[in-house]
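Visitor: Please show me the model, and then take me through its rings and its ligand.

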Amino acid sequence: MQTVYLSLGSNIGDRQYYLHEALSLLGEHPQVLLEHHSKFYETSPVGGVEQNSFINLVAKISTLLSPNDLLDFIHEIEEKLDRERKVHWGPRTIDIDILFYGEQQIDEPQLTIPHLEVFNRLFALIPLSELTDKSFKYNEKIKNAINLLNKTEQEVKVVDEEQSPQTRIERAIREILFAVGENPEREGLVETPKRVAKMYKEILSSQRLNEFDEYKLFKIDPSKVDSIVTVKDISFYSMCEHHMLPFFGKAHVAYIPKDGNIIGLSKIPRLVNYVSRKLSVQENITRDIAEILEKILAPKGVAVVVEAQHMCVEMRGVKKENAITRTSYFLGEFNESVEKRMEFLESLS
Ligand SMILES: Nc1nc2c(c(=O)[nH]1)N=C([C@H](O)[C@H](O)COP(=O)(O)OP(=O)(O)OP(=O)(O)O)CN2
């Protein structure tokens, strides 16, 4: 096992959320043990790019991964957390840099260790100095660099670490259990807050995503495709925003290709998943599927029908079991042409 120090930083969006998610994802790898992490620091941007301040921390891990495998895993995490590589040293939802990998020195095109800039960056050195001691080979160098660097140019100040989303949900569920008259310590409930927090992370996985990007477009001979492309009976599950209760059913999606532009068929169910895995209402899901598909594909027309059962209708209030709600949304030729709309609707029966 090797002891590795990682610098993590974020300066876009919910910065602490991205940092907590990155720490959580790091710890999920079977060959990575998250030992400790430093306090959270608000830091002024270093490197000359005009951008928002960062929140930084340093994590100490033990790992069996090789340096390059660890770098690949880090890039996977950055990818998952919407990292876009637009401007060198520019703004980012998350950045994870390997500062030290044991006492190894590595100088490869894609990886230099110790990190080339580590002794020039207070946003890395100060959190790092929390985790290292005189037994660490570079301890003295770290302390000297901290003393030498200009603390007015590179502001680094401790901020309160917000609770991670997981911790906040677990605490809230415990409160709800108390409030409904339960004992969260009893057999069967002890792990419930953790389970519910994990469940929300899965069923509301789109909640913080800014856009749908899991698609692939293809171009075929326009003369060979002018009819309606329909993907129907796409099952989905969502959570209603009024009662936080599930609603679920089938989505039927159609489009009329334009200029031979088509979308990979598996991407339409992915779009339905993206749109449904957040707190919403059926009308919004129906509209969002249509409008996102139109935006990414620019077809001649889009048609969406959604049929769902709502637990807020079945298990409370009016208590009507098996009531089905049907919503539809039409764009382009499906909006203008009754024939096209009827052709699509008849294909669903
Ligand atoms: N106060 C802060 N300033 C800067 C930070 C930071 O985290 N806090 N981060 C950067 C860098 O963008 C980041 O550290 C990556 O730099 P580096 O590993 O040196 O180079 P990369 O190849 O990974 O840079 P890319 O931006 O990914 O091309 C700057 N300032």
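Guide: Buried means under 20% relative accessible area, exposed over 50%, and partly exposed in between, with a 1.4 Å probe and protein chains only. This is a predicted model, where local features need pLDDT (the predictor's confidence in each residue, from 0 to 100) of at least 70, side-chain atom pairs need 80 or more, and totals for chains, interfaces and linings use all residues. Residues are numbered from 1 along each chain as its sequence is written, and side-chain values use heavy atoms, without hydrogens and water.

Visitor: Is F119 buried or exposed?
Guide: The cut-off for buried is under 20% relative accessible area. Y138 meets it, and F119 is likewise buried.

Visitor: At what angle do the planes of F119 and Y138 lie?
Guide: Rings of Phe, Tyr and Trp (its six-membered ring) pair if their centres lie within 6.5 Å; planes under 30 degrees apart are stacked, over 60 edge-to-face, the rest tilted. F119 and Y138 are 6.3 Å apart, centre to centre, and form a tilted pair. The angle between their planes is 45 degrees.

Visitor: Which ring lies under the charged end of R208?
Guide: A charge sits over a ring if NZ of Lys or CZ of Arg is within 6 Å of the ring centre and within 35 degrees of the ring normal. The charged end of R208 is 3.7 Å from the centre of the ring of Y17.

Visitor: How much of the ligand does the protein bury?
Guide: A polar side-chain atom of N56 lies 2.9 Å from an oxygen atom of the ligand. Taken alone, the ligand exposes 600 Å² (Shrake-Rupley method, 1.4 Å probe), and the protein buries 85% of that.

Technical notes
Polar contact = N/O pair within 3.5 Å; in protein donor to acceptor, adjacent residues only side chain to side chain.
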